[in-house]
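Q: Could you take a close look at one part of this model for me, the second of its chains? I'd like to hear how its helices pack and where it meets its partner.

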Amino acid sequence: MYSVILATASRYLLVLLLMFSVFLLLRGHNEPGGGFVGGLVAAAAYALYFIANGIDAARTILRFEPLNIIATGLLVAIASTLPSLAAGEQFMTAVWIDTGVPLIGKVGTPLLFDLGVYFLVLGITLTILFSLAEEDRP
Amino acid sequence: MLYKRFRENFGWIAVTFPLFMFFGFLSRYPQIAAGEVIRESVLWVPSLGINFSFLLDGLSLSFVLIITLIGAAVFLYAGVYMKAYAQTGRFYVYIGIFMTSMLGLVLSDNMLLMFVFWELTSISSFLLIGFNHHKESSRKSALQALLVTGGGGLALLSGIILLYRITGSFEISSFYNMNGIITSHDLYPPIVILMLIGAFTKSAQFPFHFWLPNAMEAPTPVSAYLHSATMVKAGVYLIARMNHEIGGTPLWQDTVLVTGAVTMVFAALLAFKQTDLKKLLAYSTLSVLGTLVMLLGIGSKLAIKAFFIYLIAHSLYKGTLFLVAGTLDHATGTRDVTKLGGLRKLMPMTTLTAALASFSMMGVIPLVGFIGKETVYKSILELEYWGTFLISAAVCANAFVVMITLFVGFKPFWGAILPTPKSPHEAPLKMLIGPAVLAMLGLLFGLFPNFFISTMLEQSAESILSETLSLKISIWEGFNLVLLLSFLTLLLGGGLYLVRARVADRVRKVSLPALVRPSAWYDGAVEGMLSFARLQTRIVQNGYLRNYIIVIMVTTVSLASFVLYQSVGEVSVAPDFSITFYEGALACIVLVATLLLIISRSRLKSIVALGVLGFSIGIIFVIYGAPDLALTAFAIETLNVILFVLVLYRLPRFLKLSRSSNRVRDALIATSVGVFMTLTVLFASSFELSSELKRFFSGASVPDGKGRNVVNVILVDFRALDTLGEITVLAIAALGVFALLKLKPGGRK
């Protein structure tokens with residue numbers, strides 16, 4: 001079943017939801033939010049797009065293979081633990097850099113870690129979702 | 001990668017690795033010779049007492065030098081020999097792993113570290129035996145070796161842990177002076193038995209010997225390196241290393257002595273009916289390993305001296321002979337000794353090398369093997385009680401070894417030329433250098449024993465017995481009983497060789513009854529284990545998801561409610577009936593949704609009901625001030641519904657599959673789980689929780705974690721390691737789902 005209204009709306013909603021998910025990711029440190037829920041929202045955005053436009057369109061707009069997104073997420077999360085080793089601290093100690101730029105402020109490895117979680121959750125959800133969706137394909 | 005580019009001459013490149021190690025360690029020789037002990041230590045898991053601590057003393061240096069020297073010969077040799085095989089690059093990786101772990105084994109001071117290396121040698125041995133993995137016998141032998149040595153490794157680990165309970169440390173050097181405490185402890189007998197099982201399986205002592213001849217399936221360089229010169233000596237090394245710490249008691253000495261002696265004789269007898277070059281050598285290796293173990297069991301000064309000389313001599317000549325056997329195989333295409341003969345004209349260098357090594361193996365003056373055998377006899381004769389019996393056993397066993405030597409070292413080269421599958425030719429230079437150098441060393445060590453061996457012997461004895469030997473090694477001690485015995489051995493061996501040709505056919509037909517063949521025990525044990533595993537799998541893993549869930553639920557509830565029931569008197573649950581409007585409304589929604597979920601006859605309705613349930617729970621989180629949880633719950637519920645719909649699409653029409661009795665059972669289980677959870681929550685909330693964690697996290701969140709959202713700071717900073725673990729598990733789960741859905745039998749992508 002193809003709905004023009006849903007298909008049109010989903011194009012705008014996708015962008016909005018993705019922005020919202022990044023917003024959730026970034027504010028996670030101080031307010032409710034974080035990588036996990038951010039990733040889920042992003043996945044929901046693609047899920048909506050997939051419901052409206054079908055699996056091929058969703059895959060095209062995602063551009064990356066969900067499995068690769070999982071791998072990226074894990075890599076980023078692990079990479080975020082390396083600066084602490086480089087700085088000679090205990091493994092996984094958070095390292096913060098004060099950029100001094102207004103609005104951005106301090107940037108630290110926990111954010112990077114959260115970003116990894118974000119990608120990972122997105123990747124996992126989409127892997128499962130897309131695999132299931134492609135089930136009935138010949 | 002490097003291998004591909006330098007395929008032709010890779011042997012030369014590879015050989016630099018062991019040679020570099022050899023000279024590196026040789027440079028420590030003066031230090032060790034002066035009685036110094038070098039230690040290096042890096043903390044690994046200090047809280048468990050596991051450290052990378054290494055120790056270099058006389059004993060380990062001797063082993064290191066043997067390992068690297070023979071390693072160099074074998075690496076070079078394999079450069080040519082392995083060309084016929086596919087995936088030679090892999091071979092070098094395996095054998096490199098082996099050499100490194102073997103070095104680690106003899107150098108570690110920490111018992112757990114040693115155990116790790118111990119297992120690594122088992123694994124690399126497994127990989128190397130199974131190198132021809134397309135042959136079934138290779139795979140079977142590899143598995144057999146792995147199971148036997150791995151099982152022994154587990155026994156060793158248990159022994160190590162028991163030992164830890166007595167000493168409180170894993171460092172070998174730290175219980176140097178604790179012999180009295182250890183041997184008088186209640187746990188001492190199990191420790192000795194477990195450790196010895198470990199050592200005996202590794203060194204292929206009776207009744208674990210059967211894996212070694214089968215391990216001859218490996219390419220010849222591997223047999224030469226792992227299964228004669230180094231890995232099988234690991235067990236011997238362990239016994240020698242632990243001798244001072246936990247030895248000295250009748251239990252230890254007698255077990256070691258008897259096992260060694262039995263292996264020595266038994267293996268020699270078994271060799272009688274073999275005709276394969278490598279199998280013959282393998283049985284003689286077994287016999288020698290038995291002798292070495294027996295010498296450690298005797299444990300006198302002289303015995304240790306004999307042990308040490310014999311160890312070096314054996315490594316040198318057996319490595320050489322294996323390589324020669326490989327050369328013969330390479331050149332002629334057969335390893336059956338009865339089909340070889342008269343090759344001396346065609347392969348002069350190999351003949352010479354083989355002869356040198358063989359003389360050493362037979363114990364002919366003036367090679368190092370002669371000194372070895374002389375001292376062995378002498379140390380046995382010293383024994384009062386067992387002396388006569390053991391010396392006849394030793395002479396017998398050695399006579400058989402002499403016979404084997406005649407077969408392997410001389411038979412192929414002398415006499416009439418016999419037709420072979422390939423036309424024989426002299427081996428290339430790279431295959432000659434290694435064995436020739438080793439054989440020459442055997443001669444040099446024999447001619448100048450004091451220069452080469454004495455110092456290391458002194459230091460090793462220090463490690464084994466913690467006494468100085470002050471015994472001179474000399475090659476000529478005049479005409480005496482020992483020399484007579486040596487001659488007797490040679491004569492007997494020659495006689496056996498002649499006799500064998502006549503009775504061989506009859507002997508080959510005799511096969512031992514299964515009861516006295518440990519390999520039959522092994523087969524039985526493996527078979528039994530497999531059928532038990534099948535039975536267990538049938539019961540536990542029946543393939544029905546609902547049964548798994550039932551088992552999990554019932555087990556949890558029954559176990560946990562037992563605990564709950566026991567502590568029921570301690571708490572009084574005071575129900576709080578002050579409900580707000582929202583809470584009441586939510587409860588109603590939840591109840592209605594649940595009811596709908598159960599009685600609905602359409603799947604879609606059930607899913608919608610499930611979604612409603614999830615969202616209501618999310619709202620509960622909101623009411624109780626957990627916005628993070630609520631947010632996540634909403635997101636997950638949304639996706640859940642989508643997923644369910646996708647799955648639903650694939651399911652057949654709704655059918656009433658379960659019988660009513662099943663439904664009653666399910667309802668009972670579900671209700672009991674629900675009641676149990678409610679009670680647990682009530683129970684938990686009736687305690688005043690210690691708020692220390694809460695205070696710490698709330699307090700530390702902003703200054704240390706630089707964030708005001710405590711939950712998130714905990715997740716990504718304070719307990720980030722946990723999160724890392726969780727996301728890894730999630731990723732693996734996703735891969736599992738992907739594999740389940742995408743990879744189907746039939747190859748549809």
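A: **A close look at chain B**

Chain B has 30 helices and two strands, where helices (H or I, at least four residues) and strands (E, at least two) are DSSP runs numbered from the N terminus. Keep in mind that this is a predicted model, in which local features need pLDDT of at least 70, side-chain atom pairs count only at pLDDT 80 or more, and totals for chains, interfaces and linings use all residues. Residues are numbered from 1 along each chain as its sequence is written, while chains are lettered from A and ligands numbered from 1 in the order in which they are written.

On confidence, pLDDT is the predictor's confidence in each residue, from 0 to 100. Chain B has a mean of 79, and 85% of its residues reach 70 or more. Where pLDDT is low, the predicted coordinates should not be read in detail. For the model, ipTM comes out at 0.80 and pTM at 0.68.

Now the fold. Of the 749 residues in chain B, 42% count as buried; a residue is buried if 20 or more other C-beta atoms lie within 10 Å of its own, exposed if 12 or fewer, and partly exposed in between, with C-beta atoms placed from the backbone. Two residues are in contact if their C-beta atoms, placed from the backbone, lie within 7 Å. Take the contacts in chain B with a separation of 6 or more: 78% of them join residues 24 or more positions apart.

On to the helix pairs. Two packed helices are described by the angle between their axes and the distance between the axes. Here the axes are lines fitted to C-alpha atoms, for helices over the stretch in contact, and angles run from 0 to 180 degrees between N-to-C directions. Angles under 35 degrees count as roughly parallel, over 145 as roughly antiparallel, 65 to 115 as roughly perpendicular and the rest as oblique.

Start with helix 4 (residues 58-81) and helix 20 (residues 449-465) of chain B, whose axes come within 6 Å and cross at roughly 125°. That angle makes helix 4 of chain B oblique to helix 20 of chain B. From helix 4 of chain B, B:Gly58, B:Leu59, B:Leu61 and B:Ser62 take part, and their partners in helix 20 of chain B include B:Met456, B:Gln459 and B:Ile464. By class, this contact of helix 4 with helix 20 of chain B has four nonpolar, five polar and two charged residues. For those classes, Ala, Val, Leu, Ile, Met, Phe, Trp, Tyr, Cys and Pro count as nonpolar, Asp, Glu, Lys and Arg as charged, and the others, Gly among them, as polar.

Next, helix 11 (residues 220-229) and helix 14 (residues 277-298) of chain B have axes that come within 11 Å and cross at roughly 5°. Helix 11 and helix 14 of chain B are therefore roughly parallel to each other. B:Thr220, B:Ser223, B:His227 and B:Ser228 of helix 11 of chain B meet B:Lys278, B:Leu281, B:Ala282 and B:Thr285 of helix 14 of chain B. That contact of helix 11 with helix 14 of chain B divides into two nonpolar, five polar and one charged.

Helix 17 (residues 368-382) and helix 18 (residues 387-410) of chain B pack at about 160°, with their axes 8 Å apart. This makes helix 17 of chain B roughly antiparallel to helix 18 of chain B. Among the residues making the contact are B:Val376, B:Tyr377 and B:Ile380 of helix 17 of chain B and B:Leu390, B:Ile391 and B:Ala394 of helix 18 of chain B. Seven nonpolar, two polar and one charged residues make up the contact of helix 17 with helix 18 of chain B.

A couple of local details are worth a stop. After helix 7 of chain B comes B:Gly168, with a positive phi near 75°. B:Ala204 also has a positive phi, about 55°, although it is not a glycine. B:Ala204 lies in the loop between helix 9 (188-202) and helix 10 (211-214) of chain B, and with 28 C-beta neighbours inside 10 Å, B:Ala204 counts as buried. B:Val675, by contrast, lies in helix 27 (residues 660-685) of chain B and is exposed, with 12 other C-beta atoms within 10 Å.

Finally, the partner: 37 residues of chain B are in contact with 38 residues of chain A. Helix 26 (627-650), helix 29 (710-718) and helix 30 (720-742) of chain B are the elements that give two or more residues to the side of chain B touching chain A. Helix 26 of chain B brings the largest share, 14 residues. By class, that side of chain B has 23 nonpolar, eight polar and six charged residues.
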